[in-house]
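Could you walk me through this structure, piece by piece? I'd like to know how a few of its parts are put together and what sits on the outside.

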Amino acid sequence: MTAGDIRATAERIARDLRPASGPVFLHTSSVALFAAGLLAAARVGRAVACPAHLRPDYLIEIGARDAGILSDEPVTAGPSTVIELVRGAAPSVECKRDIDLLFYTSGVTGTPKLVRKPIAVLDAESAVLESLWGAAAGRVYATVSHQHIYGMLFRLFWPVLSGRISADRAAEYWPRLSGKLTRPATLVSSPAHLTRLPSADVFAGADPGLIFSSGAPLPAAAAQASADLFGSYPIEVLGSTETGGIAWRQQKTPDTAWTPLPSVRVAADGEQRLTVQSPFTGEPDPICTGDNVEFSGETFLLKGRADRIAKIEGKRVSLVRVEEALRTLPSIKDAAAVDLPSRKGALGAVVELTEDGEVLRAAKGSFRFSRDLKRVLIARLEPAERPKHWKFAPIARNAQGKVVQSALRTAFDAPAETFYGRSRVIAQDDGAAEITLDILPTMIWFEGHFPGEPVLAGLAQLHLAVSWAEQVWGWKPASANISRLKFRHVLRPGDHVVLKLVRQTGSGRLSFTYRFDGATASEGVIGGEP
């Protein structure tokens, strides 16, 4: 798509946009069409609201359902206008004034919080990115959405304002970038992808000039794995929707300090929490991030979040402290602590094990293994700080690499083996997951299906697929519509199957495939329009 195409598309969209007090809600899969919608809104002087996704309940929360949405895909909730690219060579679009971009972030409460950013603020931050890394930057490829401020800056504002080509759509899966990441390409990614790198053959010969990561600090092991695979360490950018970019680092050694971005002033308040005063905030006063910090000259180390405190057994427990203690154990690769209201406020831990840790757990069993972990923690943690409930599984994270607390709680609230059988997540990223499932004769689905000849009914397979999607991502299909449903092989007690799930967050569709003995047993799609 050329600049002329985008301008022509913007002119077409602007004809249907009337000046109004409310914002234009804009959500696209295409960066080019987002740019066109942005220009069209600026043409008529309206702010642009940027929904993170198109789930109906979320659109109601942010007031988008009744306002109408511009999108390049059908929207099931409320009125919408589908926009398409217009090929042409229209002149420059005259904008009446600087307009605001509206983002919605969960903050610490989980309720969408409105954050307002003038376009000039993103323009200024893009200029800083160019001053720091422009010399090494090339064609931009990404695994993150441009609907969030990080992806918008790195995939739209910076490349367009500096005259570089940017890939129109994000690559949901690593193989889609195979053969493209050659110098001087720029890869814009996140911990959600960089902690789940593919095998080396997918990127044989890959050598991008720059790799960026943001959303959450990258584990040191993942930074090293990225360097081994791509030939360079990721540049991590610390920031948030409210603050914009704050600081950066290349984590060549564990606990590499963060260096503030130019024109960003950082300090620690009286409680050693990071405060930020910056032209990227859009606010004149300093903003407290809630991060505990330790300064060394101009640089600083992050020391966990100040606001992750839970009341366990009547005592205040730092979830960060619990997680740090777990990560020091040799058998644990990563850990996330969560309070469990459904279990009388008890403390739970979701733990990702190392290969040696998995071997130990398999030999001892999960109960004995978790008991041994608690015994080791006695030396460091008080009784209330030691997790009572354990799950050994990948940690649920969103597209920005942040831990999803609601999804962690869902994992503990799930029924036992009578519902799921003996199952385990063996692969997961933001768009796909694989689960191994040993079908047990004690599962509730065999009651009445059928006496003397039990089978796992098709409806049970559909329900299990949706339930696993909720466990893995804290997400479910947008509707109960079922399509492309095929059953090729009957599943019975004793069968060992692999369930593959693929979600499309934009359309709200969930694709599932059960494979048995190397062949497809059943498959289908749940969600979307009837």
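Here is a walk through one sheet, one helix, some charged pairs and a surface patch. Keep in mind that this is a predicted model.

Let's start with the sheet. Three strands make up an open sheet, lined up in the order 19-20-21, with mixed pairing. Strand 19 (332-340) and strand 21 (389-392) are the edge strands, and each has a single partner, so one side of each has no neighbour in the sheet. On average, neighbouring strands here are turned by 20° against each other, if you ignore direction. As a reminder, strands in a sheet pair through backbone hydrogen bonds, and they can do so parallel or antiparallel. Strand 19 and strand 20 (residues 346-353) run antiparallel, joined by eight bridges. If you want a spot to find that pairing by eye, look at Asp339, whose bridge partner in strand 20 is Leu347. Now look for helix 10 (residues 366-377), which lies across strand 19, strand 20 and strand 21. Relative to strand 21, helix 10 runs at about 115°.

Next, move to helix 7 (residues 220-230). Which of its residues are buried? They are Ala222, Ala223, Ser226, Ala227, Leu229 and Phe230. The cover over these buried residues includes strand 8, helix 6 and strand 9. Just after helix 7 comes Gly231, which takes a positive phi of about 90°.

Two of those covering elements come up again when we turn to the charged pairs. How many salt bridges does the structure hold? There are 18. One of them joins the side chains of Asp207 and Arg183, at 2.9 Å from N to O. Asp207 sits in the loop between helix 6 (191-194) and strand 9 (210-214), while Arg183 sits in the loop between helix 5 (149-162) and strand 8 (186-189), so this pair ties together parts that are 24 residues apart in sequence. Asp207 is partly exposed, at 27% relative accessibility.

Another salt bridge takes us back to the sheet. Asp334 pairs with Arg327, and their closest N and O atoms are 2.8 Å apart. Is Asp334 buried or exposed? At 11% relative accessibility Asp334 counts as buried, whereas Arg327 is partly exposed at 37%.

Then there's a pair within a helix. Arg361 forms a salt bridge with Glu358, with 3.3 Å between the closest N and O atoms. Both belong to helix 9 (residues 355-364), and because they are three residues apart there, about one helical turn separates them. Arg361 is buried, with a relative accessible area of 15%, while Glu358 counts as partly exposed at 26%. Salt bridges can also link up into a network, as they do for Asp269, Glu271 and Arg273.

Let's finish on the outside. Which residues form a nonpolar patch on the surface? Ile482, Leu485 and Phe487 do, and together they have about 250 Å² of accessible area. Ile482 lies in strand 24 (residues 482-487). With a relative accessible area of 39%, Ile482 is partly exposed. That value fits the patch, because a residue needs over 30% relative accessible area to be included in one.

Definitions and conventions: Residues numbered from 1 in each chain as written. Predicted model: local features only at pLDDT ≥ 70, side-chain atom pairs only at ≥ 80, totals over all residues. Heavy atoms only, no water. Patch = residues over 30% accessible without salt bridge, like charges linked within 9 Å, V, L, I, M, F, W, Y side chains within 5 Å. Areas by Shrake-Rupley, 256 points an atom, 1.4 Å probe, with all protein chains shown as cover. Salt bridge = Lys/Arg side-chain N within 4 Å of Asp/Glu carboxyl O. Helix = DSSP H or I, 4+ residues; strand = E, 2+ residues; numbered from the N terminus. Buried < 20%, exposed > 50% of the residue type's maximum accessible area, 1.4 Å probe, protein only. Pairing = 2+ DSSP bridges. Axes fitted to C-alpha atoms, helices over the stretch in contact; angles between N-to-C directions. Contact = heavy atoms within 4.5 Å.
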